[in-house]
Amino acid sequence: MGISSVAVIGLGYIGLPTAAILASQDVTVLGVDISQRTVDAVNRGDVPFVEPDLATYVAGAVTQGKLSAALTPSPADAFIVAVPTPFTDGMKPDLSYIQAAAQAIAPQLQGGELLILESTSPPGATQRMADWILEARPDLSLDGSGSRPVIHVAHCPERVLPGRVMIELVTNDRIVGGLTAEAAERARDLYQVFCQGEILLTDAVTAEMAKLVENSFRDVNIAFANELSVISDNLGIDVWELIRLANHHPRVNILQPGPGVGGHCIAVDPWFIVDAAPEDARLIRTAREVNDAKPQWVIDKVRTAAEGVASPTVAALGLAFKANIDDLRESPARKIVEQLADEMADGTILVVEPHIEELPKELANRRNVELVSLEDALMRADVSVLLVDHDAFHQENLRESVPSTISIDTRGMWR
Ligand SMILES: NC(=O)c1ccc[n+]([C@@H]2O[C@H](COP(=O)([O-])OP(=O)(O)OC[C@H]3O[C@@H](n4cnc5c(N)ncnc54)[C@H](O)[C@@H]3O)[C@@H](O)[C@H]2O)c1
């Protein structure tokens, strides 16, 4: 049976692009969000955040009547859930958004529908979502038992890179894990509407783990590089030279160290594994701890460099979580600046971040933090610390201007 209508629950960075690309393939899509602002924006054909090419897709789909938005779901052939899956304070996955989405979908089901969880999820979350739906709708089933109509439930994690979402939605390979084999096959058929990458079928819990493992792989390897940077510093070795040399080994590929790990995936997803297997996930937990400890190590370096300077001025170059983007989520640079402002209350922190117009609220409120130009910062600073390897900091003459201050290079750009 073909799918001609889809409801996408959660119209954020993942849900809205998915809704728009399905709508561009002649599927009738209802986008559902609890934010009235988001619903209104989409119904006007607007996009409430920045993602290249998305605005064109949304405007086109809305104009053609293929995409609309609402606060609550309506009946559809398929439902895609792309709501947040954050942590509670105790580093436990918070599945309440998935539960709320499941409870909103349940009354709309008639049997025969496909339900896909796209949110990054701890192992077992897809089954939990199905359980919540079946609690509300005991007249339905996953396998036709008791002659009850079947719903098909699958997990399909998302791997797109912000900034390239509209391209990668089409080109990336995807993993689709079903609670049943038929659910996986039906989900594959839906993604084939727009996805040109390979679609790999498995069970739901393996698909959940695959997403978490991909990000943990990166986290563990970055932790190795970060640990090397601390050891090398103590031994008086240039870690970037060390890594460059070691990587000449045909089977060695050490990543680059930095001031920590940021973003909403790599710094977060490994904790789902630690929570699911606290006794066994020792390496994964330690990698998180190593990466989370790196900002304080940088702060200590800055403080040592500023020792003896009355009311020191520190230039902090970069605030984003990685190079050449404006995304500040979970950024170690942001944490470093905030902490420096606390620990050096008599000093001034000059932030240089070419990709933002104003400081985030928690920094803007501080009297000793300013957003300034690169030239201004380097001219005024007693100590400069490079936190993000933005191209803007690559300027050829930058290195010449840095030695006038004491510089700390967390990215190996000023070597
Ligand atoms: N952003 C990425 O690059 C990325 C990449 C891979 C995976 N993911 C995962 O995808 C999921 C969604 O992430 P995102 O970045 O799109 O989040 P987001 O915060 O941008 O969007 C989530 C949206 O869901 C809405 N929402 C919350 N509860 C809802 C409910 N009960 N019903 C309807 N709407 C609801 C919010 O209002 C918001 O608009 C998360 O699990 C995330 O980890 C994100």
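In this predicted model, 22 residues surround the ligand, and Tyr13, Ile14, Asp33, Thr85 and Thr120 come nearest. By class, 13 members of the shell are nonpolar, six are polar and three are charged. Helix H4, residues 96–105, contributes the most to this shell, with three residues.

Next, the polar contacts. Asp33 places a polar side-chain atom 2.6 Å from an oxygen atom of the ligand. His264 also offers a polar side-chain atom, 3.1 Å from a ligand oxygen. At Ile34 the backbone takes part: one of its polar atoms is 3.5 Å from a nitrogen atom of the ligand. The protein buries 85% of the 840 Å² that the ligand exposes when taken alone.

Now turn to strand E2, residues 28–32. Is this strand enclosed or open, and why? Four of its five residues are buried, so the rest of the structure largely encloses E2. Buried here means under 20% relative accessible area.

Two strands pair with E2. One is E1, residues 5–9, which runs parallel to E2 and is joined to it by five bridges. Within this pairing, Val6 stands opposite Val29 of E2. The other is E3, residues 67–70, also parallel to E2, with four bridges between them. Here Leu30 has Ser68 of E3 as its bridge partner.

The connection between E1 and E2 has a handedness too. E1, helix H1 (residues 15–24) and E2 form a β-α-β unit, and this unit is right-handed.

Key: Residues are numbered from 1 along each chain as its sequence is written. This is a predicted model: local features need pLDDT of at least 70, side-chain atom pairs count only at pLDDT 80 or more; totals for chains, interfaces and linings use all residues. Side-chain values use heavy atoms; hydrogens and water are left out. A residue is near a molecule or strand if one of its heavy atoms lies within 4 Å of it. A polar contact is a pair of N or O atoms within 3.5 Å; within protein, one must be able to donate a hydrogen and the other to accept it, and residues adjacent in sequence count only if both atoms are side-chain atoms. Accessible areas come from the Shrake-Rupley method with a 1.4 Å probe; for residues, only the protein chains shown count as cover. Ala, Val, Leu, Ile, Met, Phe, Trp, Tyr, Cys and Pro count as nonpolar, Asp, Glu, Lys and Arg as charged, and the others, Gly among them, as polar. Buried means under 20% relative accessible area, exposed over 50%, partly exposed in between (1.4 Å probe, protein chains only). Two strands pair if DSSP finds at least two bridges between them. A crossover is right-handed if, with the strands pointing away from the viewer, the path from the first strand over the helix to the second runs clockwise.
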